[in-house]
Amino acid sequence: MENRFGLRDLILAVLLIGVIVTVWLSIAAGDRLYRQFEIVNARLQSQATDLQRIQEALARGVATIPGVGPTTESTTQPAAAIDSPQGPFKRILAARNLPGFARGGWMIDAFGNNVGKLTPLLSTDAYASAVQAYVLESLADRDPDTLEWRPVLASGWTLDDHSADRAAYVKSQKAAGKTDEQIAADPAAPPALRITFKMRPQPLFSDGSPLTADDVVFTFNFIMDPRINAPRDRAYVSRISKVEKTAPDEVAFTFNEPYFEAFELAAGLPVLSKNFYSQFPPADFNQSVGYLLGSGPYRLRDPKTWKPGTPIELVRNDRYWGVQPAFDRLSWREISNDAAHLAGFRNGDIDLFPATPEQYKQMIADADLVARTQHFEYQNPVGGYRYIAWNQKRSGQPTRFADARVRQALTLLIDRQRMIQEIMLGYAVPATGPFNPLSKQSNPEVQPWPLDVARAQKLLADAGYTRNPKDNVLYDVAGQPFSFKLTYPSGSANYEKMVLFLKDAYARAGIVLQPDPLDWAVLVERLNDKNFDAVTLAWTAGIEGDIYQMFDSSQSGPGGDNFVAYANPDLDAAIRSARTTIDETARMKRWRTAHAILHEDQPYTFLFFPKSLVFVDQRIQNVLVTKLGLNNRVEWFVPANRQRLAP
């Protein structure tokens, strides 16, 4: 008997499909309603807490309306209400007047490696710092248009410079036979500098607790607590002699010694919540990975429970004391594969894409992609540099890279101009040291090491290396082949290509390079343990960079950023002298001396300063290039008709 599919069967099938779709939509709608309920409930709880806080504040007679609280005149920056055209949020306020401005939606970015920790002080990579920048705030920051300092958590400041008195006192005490250590420990010695910040009355942490001078003092003391695993930050802030609350709404930073970045160090210190972070014993804090709470415009949904491998997502801080940004949330995906990262951007799943030179060339040739995106190409004045770091001590013993002649030879074997053309496709400039060529610190008399194979071979011969004609490999006096592993972040096609370029360059001289790609978390652990031969990475830079942490011999201990165990007394003297010189002209001479020493010594092979090559989805508006690179994402927005639907 023939089995036929009739009209009745068709009708039944259609009805069944309709039922299935209806059920699915009901479930999806239910899930969405539940998520919306959670959001509304959380906001109601926040509002209840805030109402209680406002009542308490009114009982104390404290102003709680943004811009109405007491202000103070500053010797550096006049105080401005937070919602005024001259205030710290003027660029966000200006964005609100642009055509199509709308609040809501979210933005999705991606990191090239997995993030191991978001806890401040414990995290060590730029990815975690990028997330923390939207959660933590400082007393002041730089205006991206003028580069001048502007108040944020502070409303103003006074700066008392007593460096001349300090210098005279030190001179008189040395004449009396006292040592530097005795003078530093003398309580009668006058401080060199004192910076007093007037605190705004409005700022709150995302848990509703007020941000006060007590939190600033706590932050400094917390970093300086030797039980806290924060050697990098401790080395940086150790220039501050003390931080003290001088009035209910004032906090003062004292510097016993002159320091060129004193104001930046004090003003830029991310303020931690005493109420939140003091609850963790040091051992507990040191083991944490996701303890992140601040006063910024965004927050983690839960400031304690984030774990590696889970989504990195910040939601709007509804208690934010300043001008609210447009996006409801910021998300980051972890995509270590370049091809997958690019595919995500092309498909519209990711809103930003920092392109490698190869990708950039291909992408700007794609008319369809260019039509629906924005692209930015610029030499960043605060951009960092790529390098190869030669580890000079491993397991307490000198390595082959402890010999400066070997390091110089390894640099001379690299054709950096060809590398820039072939690897970076011309989107870079050669590096001669750690200072951006656009900065005043850079020594214009220092020229890049050229490709000079003959000179490299002579240096290697002088260092005791001979070439075996049987295998064409260099051997040292102990009969060991010149072979080393070059460690680098895995998953990056650009790094892969660069390492293969270096492998070929060194092979021609009889040196065996073994590529050693590692996941980011493992690589950071190797650096901390100093368990590597050589590593190629990149350092970020600043308007005026401080190279103390990377190259001063005192920073080669456990967890220090001088992970190559480099030591040069002349460089130490130049760095320390520059850091204590307030006069800019004199200070730049010392930085340029340091530049020349590093160029000659080659603890790193300084490769190049890449250009920034960034694509942004066209739906995101108000993306601009400033003197600090692309403007802050809190100024960006998406028109209402182009916002993503909630998942």
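Which strands does helix α12 (residues 357-364) lie across? Here are my notes on that and a few other places worth a look as you turn the structure around.

1. **The helix in the opening question.** Helix α12 lies across β11, β12 and β23. Its direction runs at about 45 degrees to β23. Point 3 describes the sheet these strands form.

2. **How far to trust the model.** Please keep in mind that this is a predicted model. The protein chain averages a pLDDT of 87, and 86% of the residues score at least 70. Residues 31-78 call for some caution, as pLDDT stays under 50 there. For that stretch the model has 51 contacts beyond four places in sequence.

3. **The three-stranded sheet.** This open sheet has the strand order β11-β23-β12, with antiparallel pairing. Its edges are β11 (352-354) and β12 (373-378), each of which pairs on one side only. From one strand to the next, the twist averages 15 degrees. If you would like a place to check the register, β11 and strand β23 (residues 612-617) run antiparallel and are joined by three bridges. Within that pairing, L352 has V616 in β23 as its bridge partner. Helix α11 (residues 338-346) also packs on the sheet, where it touches β11, β12 and β23. The direction of α11 makes about 145 degrees with that of β11.

4. **The six-stranded sheet.** A second sheet to look at is also open, and its six strands come in the order β16-β22-β13-β21-β19-β20. The pairing here is mixed. Strands β16 (428-430) and β20 (512-518) sit at the edges, each pairing on one side only. Neighbouring strands of this sheet are turned by 25 degrees against each other on average, direction ignored. For a parallel pair, try strand β19 (residues 483-489) with strand β21 (residues 534-539), which are linked over two bridges. T487 is a handy landmark there, with V535 in β21 as its bridge partner.

5. **A hairpin.** Strands β6 and β7 form a hairpin, with two residues between them. Strand β6 covers residues 242-247 and strand β7 residues 250-255; they run antiparallel and are joined by five bridges. To find your way around the pair, start from A247, which stands opposite E250 in β7.

6. **Helices α14 and α16.** The axes of helix α14 (residues 404-412) and helix α16 (residues 453-462) come within 8 Å and cross at roughly 160 degrees. The two helices are therefore roughly antiparallel to each other. Their crossing is left-handed. On the α14 side, the contact involves R405, V406, Q408, A409 and L412, which meet V453, R455, A456, L459, L460 and D462 in α16. By type, the residues of this contact divide into seven nonpolar, one polar and three charged.

7. **Helices α20 and α21.** Helix α20 (residues 569-579) and helix α21 (residues 584-601) pack at an angle of about 155 degrees, and their axes are 8 Å apart. That angle makes α20 roughly antiparallel to α21. Here too you will find a left-handed crossing as α20 passes α21. The α20 residues in the contact are D570, L571, A574, I575, S577, A578 and R579. They meet R587, R590, W591, T593, A594, I597 and L598 in α21. Sorted by type, the residues of this contact comprise eight nonpolar, two polar and four charged.

Key. Residues are numbered from 1 along each chain as its sequence is written. This is a predicted model: local features need pLDDT of at least 70, side-chain atom pairs count only at pLDDT 80 or more; totals for chains, interfaces and linings use all residues. Side-chain values use heavy atoms; hydrogens and water are left out. Axes are lines fitted to C-alpha atoms, for helices over the stretch in contact, and angles run from 0 to 180 degrees between N-to-C directions. Helices (H or I, at least four residues) and strands (E, at least two) are DSSP runs, numbered from the N terminus. Angles under 35 degrees count as roughly parallel, over 145 as roughly antiparallel, 65 to 115 as roughly perpendicular and the rest as oblique. A crossing is left-handed if the near helix is turned anticlockwise from the far one by less than a right angle, and right-handed if clockwise. Contact means heavy atoms within 4.5 Å. Ala, Val, Leu, Ile, Met, Phe, Trp, Tyr, Cys and Pro count as nonpolar, Asp, Glu, Lys and Arg as charged, and the others, Gly among them, as polar. Two strands pair if DSSP finds at least two bridges between them. pLDDT is the predictor's confidence in each residue, from 0 to 100.
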